[in-house]
Number of protein chains: 2
Amino acid sequence: MQKTTLAEARRHFSRPERICWAVAACDGRRSICPLGWKMNTSGSPPMMAISVSPLRFTHDLIAESGQFVLAFPGDDLADATLLCGTRSGRDIEKFAAAHLTALPAEQVGAPLVAECIANLECRVAGRMTSGDHTIFVGEILGAWVNDRPRRLLCSVDAASGYDLVLEDKGYRFGVVRQ
Amino acid sequence: MQKTTLAEARRHFSRPERICWAVAACDGRRSICPLGWKMNTSGSPPMMAISVSPLRFTHDLIAESGQFVLAFPGDDLADATLLCGTRSGRDIEKFAAAHLTALPAEQVGAPLVAECIANLECRVAGRMTSGDHTIFVGEILGAWVNDRPRRLLCSVDAASGYDLVLEDKGYRFGVVRQ
């Protein structure tokens, strides 16, 4: 065991990272923030936690509305993930810019994303500051799946078990080979 | 988009789940709790968050010591992961039971695991209750990597991009093919 930098250590345990989108809406505005920093955090009631930078427009929409949708993109949404992750919802309407279809959810004001593999409706049940991010804990109130399931988009490394989908701007997206 | 159960929806977005071990020690006792419920949660300072059931012995050791090590097992540690995940540290000494080597860390009292791919020394910087689990936010104080890196152990599904390592007791462990 050798002491090393965190950046070097991360190369060994950070991939694959499944990707999800936090979707939020408030006062007629809405946005989408792709993120890899999420985890299950309760079985009963079912909850997931996400880490979102306060610099993100989506962060403010979640904080103000107390609600969000977690949407899981498939291999056809790598370009949309890149666009939503590298532009701000303060400047563009991401559903329009990424050619995405918003559908009404049942339990929350944030929209579902019709093109995603699955959508979870979440109510913020807790939040805390963690360094330069905020943890939002979402109680899962409803779940939706696409009629035409795709393969889940991940951040990947150079292993051969993936089909590489998109490599651009320092990101490398792929799916596990099936 | 069809409404469904969370269990059904999870089939589409829950794998692969990288596995890590939370390792903690207090008052001469120590334990290892394998978990998939973890995420990065801050870039600067670097932090990771984990979700641990209060029923776990490791939970109490983390809560009492305010420290833990996150260790990342490779494909040679599937049996050890299963053993550590299905037995309690109240009943067995897991390093001995799983034939693991504890090494002293530099910044925390919890030991490093010599056989793991990487180890992170973490100080608890925040905690909150999230349903039936506790979120511990750990500031990463040090990082270690193994001289002989292995492939990272994951919970996997039936995709062909994995090499299956162990399937037992409802768990399915594998590594991304390289």
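Buried residues make up 51% of the 178 residues in chain A. A residue is buried if 20 or more other C-beta atoms lie within 10 Å of its own, exposed if 12 or fewer, and partly exposed in between, with C-beta atoms placed from the backbone.

This is a predicted model: local features need pLDDT of at least 70, side-chain atom pairs count only at pLDDT 80 or more, and totals for chains, interfaces and linings use all residues. Residues are numbered from 1 along each chain as its sequence is written, while chains are lettered from A and ligands numbered from 1 in the order in which they are written.

**Exercise 1. Describe the overall build of chain A.**

Step 1. Take the secondary structure. Chain A has four helices and 14 strands. Helices (H or I, at least four residues) and strands (E, at least two) are DSSP runs, numbered from the N terminus.

Step 2. Turn to the dimensions. The radius of gyration of chain A is 16 Å, close to the 16 Å from the globule rule for 178 residues, so chain A is as compact as a globular protein of that length. The radius is taken over C-alpha atoms, and the rule is 2.2 Å times the number of residues to the power 0.38. Along its principal axes, the C-alpha trace of chain A spans about 50 × 35 × 35 Å.

Step 3. Check the contacts. Two residues are in contact if their C-beta atoms, placed from the backbone, lie within 7 Å. In chain A, residues 24 or more positions apart account for 62% of the contacts with a separation of 6 or more.

**Exercise 2. Trace the hairpin of β3(A) and β4(A).**

Step 1. Pair the strands. β3 (residues 20-26) and β4 of chain A run antiparallel over seven bridges. Two strands pair if DSSP finds at least two bridges between them.

Step 2. Find a partner. A:Ala22 stands opposite A:Cys33 in β4(A).

Step 3. Look at the turn. Two residues lie between β3(A) and β4(A), and A:Asp27 in the turn has a positive phi of about 50°.

Step 4. Judge the cover. β4(A) (residues 29-35) is mostly covered, with six of its seven residues buried.

**Exercise 3. Order the four-stranded sheet of chain A and find its edges.**

Step 1. Read the order. The open sheet runs β2-β12-β14-β13 in chain A, with antiparallel pairing.

Step 2. Mark the edges. β2 (17-18) and β13 (162-168) of chain A each have a single partner strand, so one side of each is left without a neighbour in the sheet.

Step 3. Add detail. β13(A) and β14(A) (residues 171-176) pair over six antiparallel bridges. A:Tyr162 has A:Val176 in β14(A) as its bridge partner.

Step 4. Turn to chain B. Four strands there form an open sheet in the order β2-β12-β14-β13, again antiparallel. Two bridges join β2(B) to β12(B) (residues 154-155). B:Glu17 is partnered by B:Ser155 in β12(B).

**Exercise 4. Work out how the chains meet.**

Step 1. Count the residues. The contact takes 57 residues from chain A and 57 residues from chain B.

Step 2. Name the main contributor. β11(A) gives the most to the side of chain A that touches chain B, with eight residues.

Step 3. Sort by type. That side of chain A divides into 30 nonpolar, 20 polar and seven charged residues. Here Ala, Val, Leu, Ile, Met, Phe, Trp, Tyr, Cys and Pro count as nonpolar, Asp, Glu, Lys and Arg as charged, and the others, Gly among them, as polar.

Step 4. Follow a strand pair across. β1(A) and β11(B) (residues 133-145) pair antiparallel over three bridges. A:Thr4 stands opposite B:Ala143 in β11(B).

Step 5. Superpose the copies. A rotation of 180° with 0.0 Å of shift along its axis superposes chain A on chain B (RMSD 0.0 Å). That is the relation of a two-fold axis. The fit is by least squares on the C-alpha atoms of residues with pLDDT of at least 70 in both copies.

Step 6. Locate the axis. A:Gly161 comes closest to it of the residues of chain A, at 2.0 Å (C-alpha).

**Exercise 5. Place B:Pro149.**

Step 1. Find its segment. B:Pro149 is in the loop between β11 and β12 of chain B.

Step 2. Classify it. B:Pro149 has 13 C-beta neighbours inside 10 Å, so it counts as partly exposed.

Step 3. List its contacts. Beyond its neighbours within four places in sequence, B:Pro149 is in contact with A:His12 and B:Ile117.
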